[in-house]
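Work through the following exercises with the sequence and the model side by side. Each exercise gives a task and then a solution that proceeds step by step.

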Amino acid sequence: MASTETVPADKKGSAGAQDLAGLEAGLDALDAVQVRRTPFTQVLVKKVLPPVSAVLLVLVVWQLAVLAGFAPETKLPAPRAVGSSFMTLWNEGQLLDIIWTSVERGLLGFLAAVAIGTPVGLVVARVPFVRSAIGPILSGLQSLPSVAWVPAAVIWLGITDSAMYAVILLGAVPSIANGLISGIDQVPPLYLRAGRTLGASGVSGARHILLPAALPGYLAGLKQGWAFSWRSLMAAELIASSPDLGTGLGRYLENMREGSDMPGIFLGIILILVVGIAIDLLIFSPLERRVLRTRGLVSRSQ
Amino acid sequence: MATAVRTTEQHSADTAVADGAPAVRIDHVHKVFGRPGSAQAVLDDITLDVRPGEFVCLLGASGCGKSTLLNLVAGLDRPTAGTITVPGGGRPALMFQEHALFPWLTAGKNIELALRLRGVPRAERRPEAERLLSLVRLDGSYGKRVHELSGGMRQRVALARALAQDSNVLLMDEPFAALDAITRDVLHGELTRIWAETGVSVLFVTHNVREAVRLAERVVLLTSRPGRVAREWAVDIPQPRRIEDAAVAELSIEITEELRGEIRRHGQH
């Protein structure tokens, strides 16, 4: 009995602290969020199989429609005819040239749009006067099809690459800027308060708190900006014709129309679609998924 | 342990320089919200000192302006009249009810951001962040993302991030209110331990009487609409306390009676 009474107070305290540590470790283990990895085969079944089946289904329906003779071959070419147009283009060595002409233009124009749209979005989001002045115009511009700029661009800049880039910029800058603006608007005020108590205000606040917090909205804007760039470019290439411009996908499509080459027209449409999807799948989707996943905004299987 | 001792020594050196000055001095502070005419007084003539190394709980029902007062001390807002001084210099650290950790950074990087904004050289940040994580018993969680941590773990990282500011004053705005009772109980123990190890002054806002008595050396009761200092109690119960201790319960009953009296006054008008 006497021995328990003479236990020094600090020893009792440290035993209590160890109790607490053990309890805490147990709580942490119970509460820890489990992060599961999706097995590769499941990814294959859930992510790859459905789109592949859809494409196959479209091909089958298409072929059946051709066999049933819904429309003459001059209006509805067989998949095989489109395939042989593809092989001709490939064997002539033109295919990659045509694709690259458009992709290079599209990506350069998109990068320029990012370089312009980002500061514009930042200023509009953070300066109330500028926001009231051009905010509504900026969001209104998104609903103006950028093909409407082609006639003006051609007269201002001639049928040149500059006209193409002008049309891309007019299409993509508003969506990139608007994406950044809505990204910034959706930043929880708590992050900004927490940042200020840590000493982040002004430029360091923008760099360490505001911009990283706005990143998901910004990425969505970039993705849409790419779609707008690509669409604008195809419209511009279709309308503006000049030997100096070289042959891009839009021009190829228009050339096929002039020659009434229906398999070529189908090939053009398919290539434009495939390139648009490929850039999205290869660049934007992985980027977006990564950002959302590190923030715990999507589960791994998505 | 050695580093914790260093912090305590450093802290007592700071207070020696301050020459008996309080860690926080709140002097005749008024706060009014809204336009003249429809103005509403939220804080009315609050005067309160927090001594260096003291643990003070601000207690009150809703509308007592306790969070407003904390924002004023944190420098996030200005008083309408009166002054608030933090003689130790620097910006007080502030912890919220929500963890307010940045989800784009790992637990460790959240702490390193606080160190970086404080001007700690790059090479020292990582070891310091690891030391702070170990102080809140989260060794090995440096690379964890915020969403991979439980609620209690997030608040401990938030505490580590607040401590990374190396401020003499730690302001806490109901930091454990959203946690389950078991976790809250454990965090009370951790906070008491860390407060004793670091010697930081704590101004802790809560509406939970038992929590206040469990933690504080001094409990300050505020009235509601407007907030005034109604009464204060020195809590002489030795630490470590438990929230179930008879002495804690006894004082809690006394304070709760007083708090209920304050609330009842509002029903009479």
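## Exercise 1: Helices α5 and α12 of chain A

α5(A) and α12(A) are oblique to each other, and this holds in a model that is predicted.

Task: Find the angle at which the axes of α5(A) and α12(A) cross, and then find which residues make the contact.

Solution. Begin by locating the two helices, α5 at residues 95-126 and α12 at residues 262-294 of chain A, whose axes come within 12 Å and cross at roughly 50 degrees. An angle under 35 degrees would count as roughly parallel and one of 65 to 115 as roughly perpendicular, so the pair is classed as oblique. Next, take the handedness: α5(A) passes α12(A) in a right-handed crossing. On the side of α5(A), the contact is made by A:Leu95, A:Ile99, A:Val103, A:Leu107 and A:Phe110, while α12(A) brings A:Leu271, A:Val275, A:Ile279 and A:Phe284. Sorted by class, the residues of this contact are 9 nonpolar, no polar and no charged.

## Exercise 2: Helices α5 and α6 of chain A

Task: Describe how α5(A) and α6(A) cross, and sort the residues of their contact by class.

Solution. Helix α6 covers residues 128-141 of chain A, and its axis comes within 7 Å of that of α5(A), the two crossing at roughly 120 degrees. This angle lies above the range of 65 to 115 but is not over 145, and α5(A) and α6(A) are therefore oblique to each other. The residues of α5(A) in the contact are A:Val120, A:Val123, A:Val124, A:Ala125 and A:Arg126, and they meet A:Pro128, A:Val130, A:Arg131, A:Ile134, A:Gly135 and A:Leu138 of α6(A). By class, the residues of this contact divide into 8 nonpolar, 1 polar and 2 charged.

## Exercise 3: Helices α9 and α10 of chain A

Task: Decide whether α9(A) and α10(A) are roughly parallel or roughly antiparallel.

Solution. Helix α9 (residues 189-198) and helix α10 (residues 202-239) of chain A pack at an angle of about 160 degrees, and their axes are 9 Å apart. Since an angle over 145 degrees counts as roughly antiparallel, that is how α9(A) stands to α10(A). The crossing in which α9(A) passes α10(A) is right-handed. In the contact, A:Tyr191, A:Leu192 and A:Gly195 of α9(A) meet A:Ile209, A:Leu210 and A:Ala213 of α10(A), and this contact has 5 nonpolar, 1 polar and no charged residues.

## Exercise 4: Where chains A and B meet

Task: Give the area buried between chain B and chain A, and count the salt bridges between chain B and chain A.

Solution. Start with the residues, of which 33 in chain B are in contact with 30 in chain A. The area buried between the chains is about 3000 Å², and carbon and sulfur atoms give 65% of that area. The count of salt bridges between chain B and chain A is 3. A:Glu24 forms a salt bridge with B:Arg137, and their closest N and O atoms are 3.7 Å apart.

## Exercise 5: Two backbone details

Task: Find where B:Pro240 and A:Ser260 are placed, and describe the backbone there.

Solution. B:Pro240 is in the loop between β9 (229-234) and α8 (246-267) of chain B, and the peptide bond that leads to B:Pro240 from B:Gln239 is cis, with omega near -5 degrees. A:Ser260 is in the loop between α11 (249-258) and α12 of chain A. The phi of A:Ser260 is near 50 degrees, a positive value in a residue other than glycine.

Definitions and conventions
Residues are numbered from 1 along each chain as its sequence is written. Chains are lettered from A and ligands numbered from 1 in the order in which they are written. This is a predicted model: local features need pLDDT of at least 70, side-chain atom pairs count only at pLDDT 80 or more; totals for chains, interfaces and linings use all residues. Side-chain values use heavy atoms; hydrogens and water are left out. Axes are lines fitted to C-alpha atoms, for helices over the stretch in contact, and angles run from 0 to 180 degrees between N-to-C directions. Helices (H or I, at least four residues) and strands (E, at least two) are DSSP runs, numbered from the N terminus. A crossing is left-handed if the near helix is turned anticlockwise from the far one by less than a right angle, and right-handed if clockwise. Contact means heavy atoms within 4.5 Å. Ala, Val, Leu, Ile, Met, Phe, Trp, Tyr, Cys and Pro count as nonpolar, Asp, Glu, Lys and Arg as charged, and the others, Gly among them, as polar. Buried area is the accessible area (1.4 Å probe) that two parts lose on being put together, summed over both. A salt bridge is a side-chain nitrogen of Lys or Arg within 4 Å of a carboxyl oxygen of Asp or Glu.
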